[in-house]
Amino acid sequence: MTNTALDARLILRNDTFANWNSKNPVLLKGELAVVADLNKIKIGNGVDTFSTLDYSGFTITDIPIASNSVTGLMNKTEFVKLVGIETGSQVNKIEVIKVNGIASAIASGKIVDIIVPTKISQLTNDSDFTTKAYADGEIVKKVDKVAGKSLVSDSEITRLSGMTSDATKVENSTVNGNIKINGAEATIYTHPTTHPATMIVEDSTHRFTTDTKQAAWDSKADTKADVGLGNVTNDSQVKRSEMGIANGVATLGSDGKLTSGQIPAGIDDVLEATNLAALPTTGESNKIYVTTNDNKTYRWSGSTYVEISASVVLGETSSTAYAGDKGKLVTDNVNKITNGAIKVPSSSNADTIGGLTVKTAVPVGAVFTDTVYIHPNTHPYSMITGTPTSLPANGGNAATVNGKTVLSNVPADAKFTDTIYTLPSTVLHSTDVFILNGGNA
């Protein structure tokens with residue numbers, strides 16, 4: 001058989017770290033698990049779950065720090081030094097330092113000559129440099145401090161020069177309306193004890209009135225109507241405390257009638273209950289009781305409830321009344337038979353009932369019905385008789401099985417199946433790319 005080479009692309013089993021960690025499967029031995037969002041791979045061993053496996057490859061801690069003899073990573077400190085070197089700088093190493101031309105005891109090589117000034121003439125003047133001449137000129141301006149005297153600024157001298165020798169000292173006072181002049185209290189404002197009306201501000205609860213309005217109010221006589229008692233008469237009144245109580249006055253309801261609670265017993269005492277059993281255990285002789293389930297009325301005899309008027313009970317016994325609708329139906333049918341509207345079959349014609357022909361040989365106990373029998377299309381296996389209890393291995397016909405012809409020379413290990421082979425709709429060709437997808441976590 002000739003081998004055919006196919007181009008193939010392999011998709012490893014891959015998923016995000018969260019999904020891998022959530023499902024946490026046991027990877028097959030040698031199975032690769034790609035953590036897509038971390039760009040890392042774990043290799044299964046057939047025993048441990050995903051979360052307990054180490055990542056394949058190396059981490060940053062596996063790479064050594066670089067040194068004079070080891071190639072590796074640069075640490076942060078060395079990187080900062082490297083960034084601080086100017087672009088284009090030469091690699092120079094100071095080997096000799098000179099101070100004022102005198103070299104230190106360092107091996108010969110490149111030299112840096114440092115000049116240290118030894119006299120003022122070697123210094124360069126700047127904005128903060130002071131010469132002796134400048135300092136001497138400033139020193140002569142110095143004023144010595146004298147006990148009991150103080151220095152004042154030019155602005156203070158200007159203010160003092162505007163004062164006379166008899167100037168008055170004015171200060172704040174703690175007394176309302178006063179000030180202090182040379183330490184003594186002096187009143188400069190006295191608040192008046194009264195104010196004119198024009199100074200008063202009115203509001204909703206404080207109003208001025210005129211003499212005219214005041215006179216009108218004083219002359220007004222108070223009457224019943226003025227104070228809201230226009231409907232009050234001098235007739236005797238009923239106290240509210242005497243309404244609706246014993247030995248008091250009865251009150252009326254919203255309908256203008258006495259309420260049931262103020263009517264004497266026996267006048268309007270009708271009590272309702274859902275049924276006879278729901279009535280009070282002991283009744284009252286001056287009350288009427290109604291059972292709402294059958295609308296019967298009762299009175300209390302002193303020991304039991306007695307129906308006031310016996311009600312008609314419907315039924316079909318000697319002690320009950322026959323229902324009116326049923327009685328009317330029977331009466332209507334009798335009238336129809338009498339006037340010939342309905343024919344009753346006679347005993348002289350036994351092969352018809354109601355004008356319908358009855359077949360002969362009617363079995364005893366037969367029941368007449370208008371249902372038409374329909375024979376079923378299928379029957380359960382239990383209704384079939386004469387079925388064999390066993391069959392030979394070849395079904396009784398070595399050439400057929402279930403009515404199907406079996407080809408000759410069937411291999412000894414051949415197996416019968418009801419699976420029908422379907423030719424695939426697509427076939428891989430040598431130019432196709434076969435993709436193996438390992439799926440997700």
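The expected span of a helix is defined as 1.5 Å times one less than its number of residues. Helices here are DSSP runs of H or I with at least four residues, strands are runs of E with at least two, and both are numbered from the N terminus. By the span rule, helix α6, which covers residues 324-338 and has 15 residues, should extend over 21 Å, and its end C-alpha atoms do lie 21 Å apart, so the two values agree. G340 follows α6 and has a positive phi, near 85°.

The structure is a predicted model, in which local features require pLDDT of at least 70 and side-chain atom pairs pLDDT 80 or more, whereas totals for chains, interfaces and linings use all residues. Residues are numbered from 1 along each chain as its sequence is written, and side-chain values use heavy atoms, with hydrogens and water left out.

The protein chain as a whole contains 6 helices and 19 strands. A residue is called buried when its relative accessible area is under 20%, exposed when it is over 50%, and partly exposed in between (1.4 Å probe, protein chains only). Of the 441 residues of the protein chain, 7% are buried in this sense. Accessible areas are obtained by the Shrake-Rupley method with a 1.4 Å probe, and for residues only the protein chains shown count as cover. The accessible surface of the protein chain amounts to about 38,700 Å², and carbon and sulfur atoms account for 57% of it. A contact means heavy atoms within 4.5 Å. Among contacts in the protein chain between residues at least 6 apart in sequence, 16% join residues at least 24 apart.

Attention may now turn to the charged pairs. A salt bridge places a side-chain nitrogen of Lys or Arg within 4 Å of a carboxyl oxygen of Asp or Glu. Under this rule there are 3 salt bridges. One of them joins E31 and R13, with an N to O distance of 2.9 Å. This pair links distant parts of the chain, 18 residues apart: E31 belongs to the loop between α1 (17-23) and β3 (32-35), and R13 to the loop between β1 (7-11) and β2 (14-15). E31 counts as buried because its relative accessibility is 18%, and R13 is likewise buried, at 17%.

Another salt bridge connects K287 with E284, whose closest N and O atoms are 2.7 Å apart. With 12% relative accessibility, K287 is buried, while E284, at 39%, is partly exposed.

The salt bridge between D332 and K328, at 3.0 Å from N to O, returns the reader to α6. Because D332 and K328 are 4 residues apart in helix α6, about one helical turn separates them. D332 is partly exposed, at 29% relative accessibility, and K328 is exposed, at 53%.

Finally, the surface carries a nonpolar patch formed by M74, F79, V80, L82, V83 and I85, which together have about 600 Å² of accessible area. Patches consist of residues with over 30% relative accessible area and no salt bridge; like charges are joined within 9 Å, and nonpolar side chains (Val, Leu, Ile, Met, Phe, Trp, Tyr) within 5 Å. Within this patch, M74 is located in the loop between β4 (40-43) and α2 (76-83). Its relative accessibility is 47%, and M74 therefore counts as partly exposed.
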